[in-house]
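Q: Please take a close look at the enclosed and open spaces in this model, and then at a few single residues and the cysteines.

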Amino acid sequence: MVERFLKQTKFTSVEDYNKNLEFIIPENFNFAYDVMDAWAEEAPEKLAILWTNDQGEEIRTTYGELKEQTDQAASYLLTLGIGKNDPVMLILKRRYEWWVVMLALCKIGAIVIPATHMLTKHDIVYRNTRASVKAIICVDDAYVVSQIQAAMAESPTVKQYITITDHGKPIPEGFHDWQTEWKQAPKFQRPAFVNTNDDTMLMYFTSGTSGEPKMVAHDYLYAMGHLSTGVFWHNLHEGSLHLTVADTGWGKAVWGKFYGQWFAGATVFVFDHEKFNADTLLRQIEKYKVTSFCAPPTIYRFMIREDLSKYDLSSLEYCCTAGEALNPAVFDKFYEKTGIKMMEGFGQTETTMTLGTFPWMEPKPGSMGIPNAQYDIDLIRPDGSSCEDGEKGEIVVRVGDKKPIGLFKEYYRDPELTREAWHDGLYHTGDMAWRDEDGYYWFEGRIDDVIKSSGYRIGPFEVESALMTHPAVVECAITGVPDDIRGMVVKATVVLGKEWKDKAGDDLIKELQQHVKKETAPYKYPRIIEFVDELPKTISGKIRRVEIRKKDAEK
């Protein structure tokens, strides 16, 4: 499959990849037809999805069966009046139907808007209004349904509400019954014209440090941009069984549970669960013999707290991480316990993987890796000039006459916000890093997260990494607190291991402060340390430092 879309499919070095990565771009590329239906024709009996949940249920679906199901779903959606360019919001958690509906919407040229199940009425009304959502397809969850129903009166653009229930359950008032109705749809007829490469295929609402969420619009070539994510960064092949830990309402789901994995012809493994538990997850890897695994650092932090000798993880071939920067201490401990070196990657909702550690590279613990050859990446100073090696700067994508495959189209219906981030030939990520002499990039934090104390610029990640090497610390977040003398001082919000919780107090605070002074430059040590049971996080697992700062300001 990969050879249809790349002029060279195997690479042996950084130089080889940088020089010879070249995409073959069809005129009107559509992932559902050109990749998934092509697999169904070539290898109809090959397993596409292995889905299971915390109730012990299983669904095993081949590429051939998935084509039949997505055709049926596409036909059903057409009978409801949903078609080309219609925005459809999905709130489906990790239900199996999410994969079917995603492909069905692609087949009819609709715009899919994945969303988290944690949205409130206000969130739903905002999304419906800003994106002119025409239909909502949701899981039959009491909270989700109640918030959607509460938003109905203020959502005039929404014409259809569809819920996916278990058989026998009553259908909420005002909703269509997916389980009954979709199987009754007529035979699917592919529309005469579905899309151009420039049409909008996918949109995500992504939160910033202030204001309402932005609408990130992606074209149809965004899917192709993830070929390198799955085939090269995840190092997948046709025999892979790949598990990425991500909620389907977050962009990481299409990074790790959809596009790139199926370009490689791998099987996507899904574990649908209500609450994360490291032991349960490890048992799933053991039971189903998962070969490839990707998760944010938070998940690995809890995994290495388990006694990994209790699990048979011999099936694992390759492990990756993304979502936030990886603390070297976590890398080292996981390697010590499993013999597997985690391969870090970096990107945003607005991009595919822009920096990564590839199979032909030796990972440096804590480094994001090198630029993905499909992007022209640079580090710049505030005046726009390029940084030297070892100098901190903002990560930017240099955009020439042709937009790179995988970079977003725009912030939908917000040209001003688009111009703020993308101007003068540069897309500004808002993320800070530095580059070493080997070309590896090292994350420093968001521009807004940088702490300025007594004239020093302190990146939160470097202090977090120092703290994480202390055995008491499970997780931590570094923020700045206003100070009359220094301008700001460093604060650490710390989650302790179970065996350390009863030691929380002044003595442990002093011990942690001295530990940081030994691990990094002494001026970076946290002058304030607060112990908490958990850190505030987004649905994707990223630490919300902005929430910690807000609470501190309120105090």
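A: What follows covers the cavities, a pocket, some backbone positions and the cysteines.

The model is predicted, so local features need pLDDT of at least 70 and side-chain atom pairs count only at pLDDT 80 or more, while totals for chains, interfaces and linings use all residues. Residues are numbered from 1 along each chain as its sequence is written, and side-chain values use heavy atoms, with hydrogens and water left out.

The structure holds 5 cavities of 30 Å³ or more. On a 1 Å grid over the protein atoms alone, a cavity is a set of points where a 1.4 Å probe fits but cannot get out, a pocket is an open set with protein on both sides within 12 Å along at least five of seven lines, and lining residues have an atom within 4 Å of a point. Grid points are joined across faces, edges and corners, and a volume is the space filled by probe spheres set on the points.

The largest cavity encloses about 70 Å³. Its lining consists of F31, M102, L103, L105, C106, A110, V112, M201, F258 and Y259. Helix α4 (residues 97–108) gives the largest share of that lining, 4 residues; helices (H or I, at least four residues) and strands (E, at least two) are DSSP runs, numbered from the N terminus. By class, the lining has 10 nonpolar residues, no polar and no charged ones. Here Ala, Val, Leu, Ile, Met, Phe, Trp, Tyr, Cys and Pro count as nonpolar, Asp, Glu, Lys and Arg as charged, and the others, Gly among them, as polar.

The second largest cavity has a volume of about 50 Å³. K392, M432, E444, V450, R457, I458 and G459 line this space, and they divide into 3 nonpolar, 1 polar and 3 charged.

Among the open spaces, the second largest pocket has a volume of about 590 Å³. It is lined by 28 residues, of which W51, E57, R95, E97 and D166 are the closest to its centre. At least two lining residues come from each of β1 (47–53), β2 (58–62), α4 and α7 (178–181). The pocket lining divides into 8 nonpolar, 7 polar and 13 charged residues.

Two residues that are not glycines have a positive phi: S132, at about 50°, and R413, at about 60°. S132 sits in the loop between α5 (121–131) and β5 (135–139), and R413 in the loop between β19 (410–411) and α15 (415–421). S132 is partly exposed, with a relative accessible area of 26%; buried means under 20%, exposed over 50%, and partly exposed in between (1.4 Å probe, protein chains only). R413 is also partly exposed, at 43%.

H423 belongs to strand β20 (residues 422–423). Its relative accessibility is 32%, so H423 counts as partly exposed. The side chains of H423 and D424 make a polar contact of 3.0 Å (a pair of N or O atoms within 3.5 Å; within protein, one must be able to donate a hydrogen and the other to accept it, and residues adjacent in sequence count only if both atoms are side-chain atoms). The C-alpha atoms of H423 and V399 are 9.3 Å apart, with the two residues 24 apart along the chain.

Finally, the search of the whole structure finds 0 disulfides, a disulfide being a pair of cysteine sulfur atoms within 2.5 Å. For C320, the closest cysteine sulfur is that of C294 at 5.3 Å, which is too far for a bond. C320 is buried, with a relative accessible area of 1%, and C476 is buried at 4%.
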